[in-house]
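Reader: I'm new to this one. Could you walk me through how to read it, feature by feature?

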Amino acid sequence: MGNTVRQLLLTVGFWAAILLVMLAARSAHALNNPLSPQVKASVEAIFPKATRLGEPQQNPPVVPVYQLNELLGYAFLSTDLSDLPGFSGDPINLLVGIDTQGKFVGVHVLSHHEPIFMHGLGEGPMYDFIHQYVGRSVKERIIIDSRRAGSTEESSNGTVYIDGVTKATVSVLVINDIMLSAALKVARAKLEGFEQAEPSKVRLELFEKLSVAELSSRGWLKRWPLTVAEVESGLDNSLAIYPSVEFDQVIDDQGRALFSELHYAYLNPPSVGQNLLGVEEYARLMSRRKPGEHLVLVASNGPYPYVEEDFRPGTVPTRIGMSQNGLPVDIRDTDFLDNNGFLLGDEQYLEHAHIFRIKAQAGFDPAQPLTLQFNLDLNRNHLIRDQASFSDSYSLPEYLFEKVELPQMQVPDPLWLRIWKDRVGDIAVLAVALLILTGLFIWQHRVTRHSVWFHRFRWAFLLFTLGFVGFYTQGQLSVVNIYTLLLSIVDGFDITVFLLDPIIFVLWSYVFISLFLWGRGLFCGWLCPFGVMQELTSKLAKLLKIRQLKIPAKRHQQLQKLKYLILVVLVGCAFYSLSLAEQLAEIEPFKTAVTLAFVRSWPFVLYAVLLLAAGLYIHKFFCRYLCPLGAGLAVLGRFSLFKWLQRRKECGSPCQLCKVRCEIDSINRDGSIDYDECVQCLECIVILNNADQCAIERSQQKQRRSGRIAATQL
């Protein structure tokens with residue numbers, strides 16, 4: 001019990017130290033400036049005709065791009081609009097440009113940590129994949145399917161098929177979802193023709209002849225008197241201390257001093273707009289209105305104008321604003337009234353008058369209450385400014401509108417679920433294989449009694465691991481997966497990151513559970529594709545009768561610790577620089593040998609081949625001394641609940657047969673198993689359960705035969 005507690009404390013301390021190093025390194029990272037010189041240069045490269053960049057906007061965060069005064073389109077960062085993580089667990093940050101028609105103009109990759117592109121295939125295939133989006137519209141349904149890429153179907157039903165990237169399926173699917181979701185948000189917010197249907201629609205056939213007084217009594221034309229007392233209360237100061245506030249005091253019919261008196265109305269319903277503007281002007285206004293736009297009249301005689309003195313027609317006012325349901329609603333002057341004021345009825349002339357438009361993309365519902373805001377920002381002196389905001393509510397009766405039955409938008413399945421559905425066959429095959437392997441380990445003593453059949457099964461399963469798990473499904477686990485897990489724990493765990501690759505997720509889940517049942521050996525000895533390559537190398541060495549090198553016990557124990565040091569360095573680097581950690585992770589030859597099947601630049605191939613060549617002379621050389629993944633699994637494997645590899649009392653004293661035959665050298669001289677190093681090949685159990693192989697059993701049988709002969713002679 002004491003040893004178990006001590007191991008638990010040591011393991012917790014081990015991982016706690018790693019996490020502390022990561023957290024300290026992580027805090028040193030600075031955020032990128034979205035308008036850094038790199039970003040500006042990329043925007044200019046995407047829009048070569050651009051002469052200037054507009055001010056960055058919010059809701060959504062975009063940068064408008066102009067050629068002189070002509071709007072060319074918008075540039076935006078994908079990370080501002082999509083939180084979908086990449087395969088590495090970190091986001092893929094793309095700078096995307098779309099024009100005013102909703103077509104992709106260009107895409108630049110600002111940052112990413114996708115291992116397959118950074119240190120595998122190279123970034124060329126990634127750029128080639130992204131370039132396929134240029135000229136495509138956000139309205140198109142883009143599907144990654146290399147077999148149908150360029151299909152004529154795209155012209156008939158709006159579906160476009162583009163090439164994927166072999167061995168980087170998850171990464172390109174993530175990029176596709178990031179680009180389309182981010183671009184659609186921008187298009188719906190900023191571009192015409194992408195707006196969603198209005199939740200309520202004005203009933204244009206309804207018209208009732210009403211006077212200004214009747215419109216006012218119904219609240220369809222709203223008068224908002226903002227008094228001096230209200231303003232001073234909001235500012236918590238007398239208006240006398242603000243030198244910029246100068247106006248002739250006006251007293252209303254209730255004896256109140258007015259700061260401003262506004263009249264405003266929603267003009268789209270004919271019973272409002274036509275009665276206020278007249279038949280011809282209302283028709284002219286509606287003919288200039290773009291589909292889905294909403295129009296609001298705001299007018300005043302002062303005393304304090306609702307627009308600033310230098311207000312330019314066609315721009316956005318700063319003193320007034322509108323909101324609905326607590327969310328801001330963007331308004332812009334239509335310049336319809338040509339700054340000529342407005343005659344309200346037959347008698348009252350309002351000097352300041354503007355008709356503001358609310359774009360169709362704003363999500364405004366005219367049947368819901370609207371709030372008009374008056375915002376003050378006043379200077380006391382050149383150092384001190386005071387601000388205050390005042391609001392008034394406006395609403396129209398429901399019968400002026402009809403509810404629009406919005407089409408039921410089919411919400412696409414999450415990306416991870418789509419991937420799982422596409423790979424259900426692969427998952428099923430893997431699940432069956434893992435179930436068979438589990439049965440083997442549960443009934444290992446029964447199965448290993450049949451030595452020949454067990455060895456045939458083991459080699460069949462190893463070849464399945466290399467061919468199906470490794471080359472076909474790309475299921476080679478890596479220390480990089482440990483980075484992803486630990487980074488996720490620190491930054492906020494998101495299981496979506498792990499669900500993006502179902503094969504890796506199923507394998508990791510199974511391996512994690514098996515660590516507490518059998519230790520690290522089940523993975524290292526049965527489910528690691530590169531481990532199978534080393535087994536094949538060892539088999540070749542036996543066929544070629546290559547003499548194995550015997551490393552002295554003391555040196556062997558020292559070298560075994562090397563993989564733990566490599567693990568600490570790699571995981572520590574992950575929180576200082578993920579890119580550096582991914583480069584250092586190339587100490588694992590898995591990507592070269594399994595993921596890319598040796599189709600890679602020669603230094604990586606040479607390194608992987610040398611490791612396999614070392615295995616000709618030292619069985620599983622890499623697994624023994626260099627594998628950081630094996631080290632990480634061994635740490636958790638110390639908490640396995642059972643010791644399945646049974647021993648006889650004679651094992652170790654006097655019998656050393658299993659130790660001599662153990663190619664991984666994980667059996668101690670006393671006959672005990674070193675589970676931190678054992679790969680669970682079960683060869684020692686085969687010896688134990690077969691009387692023709694076990695030296696103790698053969699010796700006992702010989703003694704029994706000798707006893708029977710002696711008894712016969714008597």
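**Reading the sheet**

Author: Let's start with a sheet: in this predicted model, five strands form an open sheet in the order β1-β2-β3-β4-β5, with antiparallel pairing. Its edge strands are β1 (52-53) and β5 (104-111), and each of them pairs on one side only.

Reader: What holds strands like these together in general?

Author: Strands of a sheet pair through backbone hydrogen bonds, and the pairing can be parallel or antiparallel. Now walk across this sheet. β2 and β3 run antiparallel and are joined by five bridges. Here Pro64 sits opposite Tyr74 in β3.

Reader: Which residue takes a positive phi in the hairpin of β2 and β3?

Author: That's Leu68, with a positive phi near 60 degrees; the hairpin has two residues between the strands.

Reader: And how many bridges join β3 to β4?

Author: Five, again with the strands running antiparallel. One pair to look for is Phe76 with its bridge partner Val96 in β4. Moving on, β4 (residues 93-99) pairs with β5 over six bridges in the antiparallel sense. Leu94 stands opposite Val109 of β5 there.

Reader: Is β3 largely enclosed or open?

Author: Largely enclosed by the rest of the structure, because six of its eight residues are buried. When you look at side chains along a strand, keep a general idea in mind: in a regular strand they alternate between the two faces of the sheet.

**One residue and its neighbours**

Reader: Can we zoom in on a single residue?

Author: Sure, try Met179, which is in helix α6. Its relative accessibility is 0%, so Met179 counts as buried.

Reader: Which residues does Met179 touch?

Author: Leaving out residues up to four places away in sequence, Met179 touches Leu94, Phe104, Val107 and Tyr133. Take Phe104: Met179 and Phe104 are 75 residues apart in sequence, yet their C-alpha atoms are 9.6 Å apart in space. You can also link this back to the sheet, where Leu94 faces Val109.

Reader: What about contacts in the chain as a whole?

Author: Among contacts with a separation of 6 or more, 70% are between residues 24 or more positions apart. The chain has 714 residues, and 49% of them are buried. It contains 29 helices and 21 strands.

**Nonpolar cores**

Reader: How many residues does the largest nonpolar core have?

Author: It has 84 residues, and those with the most contacts inside it are Leu437, Tyr483, Phe523, Trp526, Leu527, Phe530 and Leu629. There's also a second, separate core of 60 residues, with Leu295, Tyr306, Ile358 and Leu372 among them.

**Empty space: cavities**

Reader: How do you find empty space in a model?

Author: Rolling a probe the size of a water molecule over the atoms shows where empty space is left. Searching the whole structure here turns up four cavities of 30 Å³ or more. The largest cavity has a volume of about 90 Å³. It is lined by 15 residues, and the closest to its centre are Arg647, Cys651, Cys655, Leu657 and Cys658.

Reader: Which helix gives the most to that lining?

Author: α27, with three residues. Both α27 (657-661) and α29 (695-713) supply at least two residues each. Sorted by class, the lining has nine nonpolar, four polar and two charged residues.

Reader: And the second largest cavity?

Author: That one holds about 60 Å³ of space. Its lining includes Phe523, Phe530 and Leu629, and those names also appear among the residues with the most contacts inside the largest nonpolar core. Helices α18 (521-527), α19 (529-543), α25 (621-625) and α26 (628-637) each supply at least two lining residues. The classes here are nine nonpolar, two polar and one charged.

**An open space: a pocket**

Reader: What is the volume of the second largest pocket?

Author: About 1,600 Å³. Of its 50 lining residues, Gln57, Lys190, Asp330, Arg332 and Lys359 are the closest to its centre. By class, the lining has 20 nonpolar, 16 polar and 14 charged residues.

Reader: Which strand gives the most to it?

Author: β13 does, with four residues. Elements that supply at least two residues each include β2 and β3 from our sheet, and also α6, the helix that holds Met179.

Key: Residues numbered from 1 in each chain as written. Predicted model: local features only at pLDDT ≥ 70, side-chain atom pairs only at ≥ 80, totals over all residues. Heavy atoms only, no water. 1 Å grid on protein atoms, 1.4 Å probe; cavity = no way out; pocket = protein on both sides within 12 Å on 5 of 7 lines; lining within 4 Å. Points joined across faces, edges and corners; volume = space filled by probe spheres on them. Nonpolar A, V, L, I, M, F, W, Y, C, P; charged D, E, K, R; others polar. Core = buried A, V, L, I, M, F, W, Y, C linked by side-chain atoms within 4.5 Å. Buried < 20%, exposed > 50% of the residue type's maximum accessible area, 1.4 Å probe, protein only. Pairing = 2+ DSSP bridges. Contact = heavy atoms within 4.5 Å.
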